Amino acid sequence: MSQSRIAAFFTSLSFFVIAALVAGVVVGALAQGSQAAWLTGALGVVESLGQVWLNALRMTVIPLVFSLLVTGIVSIADAAATGRIAVRSLVVFAVLLVGATLYAILAGLGLLAVWPIDPEAGRGLLAGVSAESLATVGEAARTDGLRAFLASLAPANVIKAASDDGVLAVVVFAVAFGFAATRIKAELRRPLAGFFEAVAETMVVIVHWVLLAAPFGVFALALGVGLRAGLGVAGTLAHYVAIVCLSQIGLILIIYVVAIVWGRISLARFARAVAPAQVVAVSTQSSLASLPVMIERARDWLGVPQTSAGLVLPLAVAVFRITSPVANLAVCLYVAQLHGVELGLGVLIAGGLTAIAVSIASVGLPGQVSFFAAIGPICLAMGLPLGVLPLLLAVEVIPDIFRTVGNVTADLAATRIVAGEDGAGEDGRATE
């Protein structure tokens, strides 16, 4: 990583959030043995401020996700209208996204079964979360079976569902609304899409404002953790990072297999093709910044015609984020085990469907914004509290690297699959 990028990291919001987490835990741990009355009162005030900050983030979730889903569906429909390659690309993206979501649930549950959260350490991590937040486990998490899940898909009053955090019902309505918008006249669809795009951009601005206070909010929550649990909470956070990263590493390995089988390409050739793009992804944590390298590697090493690469890869960067459901569901499943919530089949389906929807809605959002915009709705759809998410956001830097690497790898694999035999033999390296 270059010196300029290292300097940029140490001046970024991510660094200040990590520093706030460490400082809060350390200060809390140092004061752990104090019995001073003023400290107890001060802790209550600090925790209340942390809850206000969390609520400020939470209030943007419903309008942001609804607006992004509508505009995302309209843009996908417009892309599909551009031709056969675009339609084939969207079909490949959809198949891979559904497969990744199924993998995410199985991998997340499997990893936590093999390597569960230590109960004592889990209670320590939750020590800084307010009792109000811990009490907000919704009906979805307490429901076993599919009846309540199916009933929640079409509420009689979508406004009431939104006010009750019925995110899945809102997502279903937004999807229906978005597809309906693609069927109206273009002169009506354009201003409608423009309105929701403006709403989404406005919500993003509000989230940015709230995230400016993220170091203070995370410090407030971490202070309570340090006071009640001490420095031992670091092990739980490291365990969380490992679980989320392992889920994504497994997905990346599966993408290689999919590329070999479905893309009809050798492992050595595909690995050499994607390696430079993965290096850029690690250093920039941006699929968009990796796009020029991806186009070059797809053309010169994967045998994809320039015209196909120039269409499929920008479309993939715009609407396809395969690591989103994997990483986001890994976080939600971790939160569920952290709170001791047993998840039934209906809840897992609700979480999976919401994860697919928000993977489209959150494409193109900055990292800190997309963390809440994507994971918040999934947690709410599964009836899980959001109070611990700010602490997990503080250590998102490492999982975010694997998110970008996985997305770049999947983009190139999908491009090879879409191109099929069209580009075979264009280059000596492509026919290896």
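**Exercise 1. How much area does the protein expose, and what share of it do carbon and sulfur atoms supply?**

Let's start with the ground rules. This is a predicted model, where local features need pLDDT of at least 70, side-chain atom pairs count only at pLDDT 80 or more, and totals for chains, interfaces and linings use all residues. Residues are numbered from 1 along each chain as its sequence is written, and side-chain values use heavy atoms, with hydrogens and water left out.

*Solution.*
- Step 1: accessible areas come from the Shrake-Rupley method with a 1.4 Å probe, and for residues only the protein chains shown count as cover.
- Step 2: the exposed area is about 18200 Å², of which carbon and sulfur atoms supply 69%.

**Exercise 2. Describe helix α19 and its burial.**

*Solution.*
- Step 1: helices (H or I, at least four residues) and strands (E, at least two) are DSSP runs, numbered from the N terminus. The protein has 22 helices and 0 strands.
- Step 2: α19 covers residues 345-361, and its 17 residues reach 24 Å from first to last C-alpha, close to the expected 24 Å. The expected span is 1.5 Å times one less than the number of residues.
- Step 3: buried means under 20% relative accessible area, exposed over 50%, and partly exposed in between (1.4 Å probe, protein chains only). In α19, 12 of the 17 residues are buried, including G346, V347, L348 and A361. Across the 432 residues of the protein, 53% count as buried.

**Exercise 3. Find the salt bridges and say whether their partners are buried or exposed.**

*Solution.*
- Step 1: a salt bridge is a side-chain nitrogen of Lys or Arg within 4 Å of a carboxyl oxygen of Asp or Glu. The structure holds 3 of them.
- Step 2: R123 and E120 meet at 2.7 Å, N to O. Both lie in helix α6, 3 residues apart, about one turn. An α-helix has 3.6 residues a turn, so residues three or four places apart point the same way. R123 is exposed at 52%, and E120 is exposed at 54%.
- Step 3: D300 pairs with R299, with the closest N and O atoms 2.8 Å apart. D300 counts as buried at 17%, whereas R299 is partly exposed at 32%.
- Step 4: E396 pairs with R403, again with closest N and O atoms 2.8 Å apart. E396 is buried at 8%, and R403 is buried at 10%.
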